[in-house]
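Biologist: Please take a close look at one part of this model for me: the salt bridges. I would like the pairs, where they sit and how covered they are.

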Amino acid sequence: MVNFSRICLRKYGNFVDNLRLYVRGGSGGMGLPRLGGQGGNGGDVWVVAMKNTTLKRIKDKYPQKRFVAGAGANSSVRALKGETGKDKEVHAPVGITVTTDDGRTIGDLNADGDRVLVARGGSGGSLHSGFEPSKGQARHIRLDLKLIADLGLVGFPNAGKSSLLTALSNATPQIANYAFTTLKPEIGKLMYQDYKQISVADLPGLIEGAHMNKGMGHKFLKHVERTKQLLFVVDVCGFQLASKTQFRSAFEAVQLLTKELELYKEELVSKPALLVVNKMDLPDAEDKLEELQEQLENPEEFSDLLPADMIPKNYLTFRHVVPVSAITGFGINHLKSCIRQSLDEDAAAETKAVHLEKLQALTNNSHQQTVSTQSSVEAMKDDFTAKTECSEAQRVWQELVCASNVGLFV
């Protein structure tokens, strides 16, 4: 048992998904009181997303894990305004959430080039500070990697997720006939004839109690957060982790997986989901599949199969239920088509929503311009009416004056 633990730790140790760093902004430069000179501000510390880098590379390259920005230059006779200190950049992989030690989120790096300010430089000495500079901000931060993929494979150990990923894509995860084969996340790419690529993340298997960090708990669940959709994988014949644990049917496995996600973060079960029923090459697989489909159509009727505390609040409705055999290749092409269809539907809906939003904005803008134009026209009309009335009054007055003058003359 001890040897197995060491093997697991060594294999998982090659993958780093959380790193704690010390960061400090540069101190400001001294001011020059006799000439009113201002010191330069200290440099800032930024975390910048960059492709082809990893947290392990940061850990290896900077074993002290300290990042300090440059200090601002002092004010002098030659340069009354001191130069600003040089910024320090920490290059991190895309998919990082930057947090403080107490878990408060500072920012996310979702795309190449995204930047998050983590430590601000101190101000240079000036008249307002008695020409004394201030120190830069100093604190510990955490870089937490959450994989970004189109699909995340969700399943109990030995459900055949790694075999499925191999059958679907170009990934080569470790595969064996024991429970915890996947000890670190794997990303595979599904390739289509029109050169479309879809990324699939194979994540360490869940066990009951994963939401309480049992097994690989949070190491697995946090990576599900950034996947667009979920791909549940269950063994058609059921699952039993060990001889002392209870056997779970395919239906029970689906509901227990749903509950684990729900207990970790309820928003996860609102993601679109597909269900893959694997190992259809096994004996009696067709009968088991038929039974599972009947149970999924009316899950409330079979809820008594589960412990009361493990019944999900809401049963998942899967967009597609696809029987496959990762070993023989049965159903793999159909599964790829279903995955593509599901993602394309979401992309189309998202594009439509963006277009409607832009159209609404244009409509509102046009309406505001129309109202503004109408207001201008009304104002011009009122002004014209006022001027016309004034002219008419002047004409009448002139006629009265003329008539009066004629009367006096007579």
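Modeller: Asp235 and Lys279 form a salt bridge, with the closest N and O atoms 3.3 Å apart. The pair links distant parts of the chain. Asp235 is in strand 12, while Lys279 is in the loop between strand 13 and helix 6, 44 residues apart. Both Asp235 and Lys279 are buried. Keep in mind that this is a predicted model.

Next, a network. Arg20, Asp101 and Arg142 are joined into one by salt bridges that share partners.

Glu225 and Lys265 also meet through their side chains, at 3.0 Å from N to O. This pair, too, links distant parts of the chain, 40 residues apart. Glu225 lies in the loop between helix 4 and strand 12. Lys265 lies in the loop between helix 5 and strand 13. Cover differs across the pair: Glu225 has a relative accessible area of 17%, so it is buried. Lys265 is at 31%, so it counts as partly exposed.

Helix 5 itself spans residues 250-264. Of its 15 residues, 13 are buried, so helix 5 is largely enclosed by the rest of the structure.

Now a pair within one helix. Asp60 forms a salt bridge with Lys56, the closest N and O atoms being 3.0 Å apart. Both are in helix 2 (residues 55-61), four residues apart, so about one helical turn separates Asp60 from Lys56. Residues three or four places apart in an α-helix point the same way, because there are 3.6 residues a turn. Lys56 is partly exposed, at 30% relative accessibility.

In total, the structure holds 13 salt bridges.

Note on methods
Residues are numbered from 1 along each chain as its sequence is written. This is a predicted model: local features need pLDDT of at least 70, side-chain atom pairs count only at pLDDT 80 or more; totals for chains, interfaces and linings use all residues. Side-chain values use heavy atoms; hydrogens and water are left out. Helices (H or I, at least four residues) and strands (E, at least two) are DSSP runs, numbered from the N terminus. The expected span of a helix is 1.5 Å times one less than its number of residues. Buried means under 20% relative accessible area, exposed over 50%, partly exposed in between (1.4 Å probe, protein chains only). A salt bridge is a side-chain nitrogen of Lys or Arg within 4 Å of a carboxyl oxygen of Asp or Glu.
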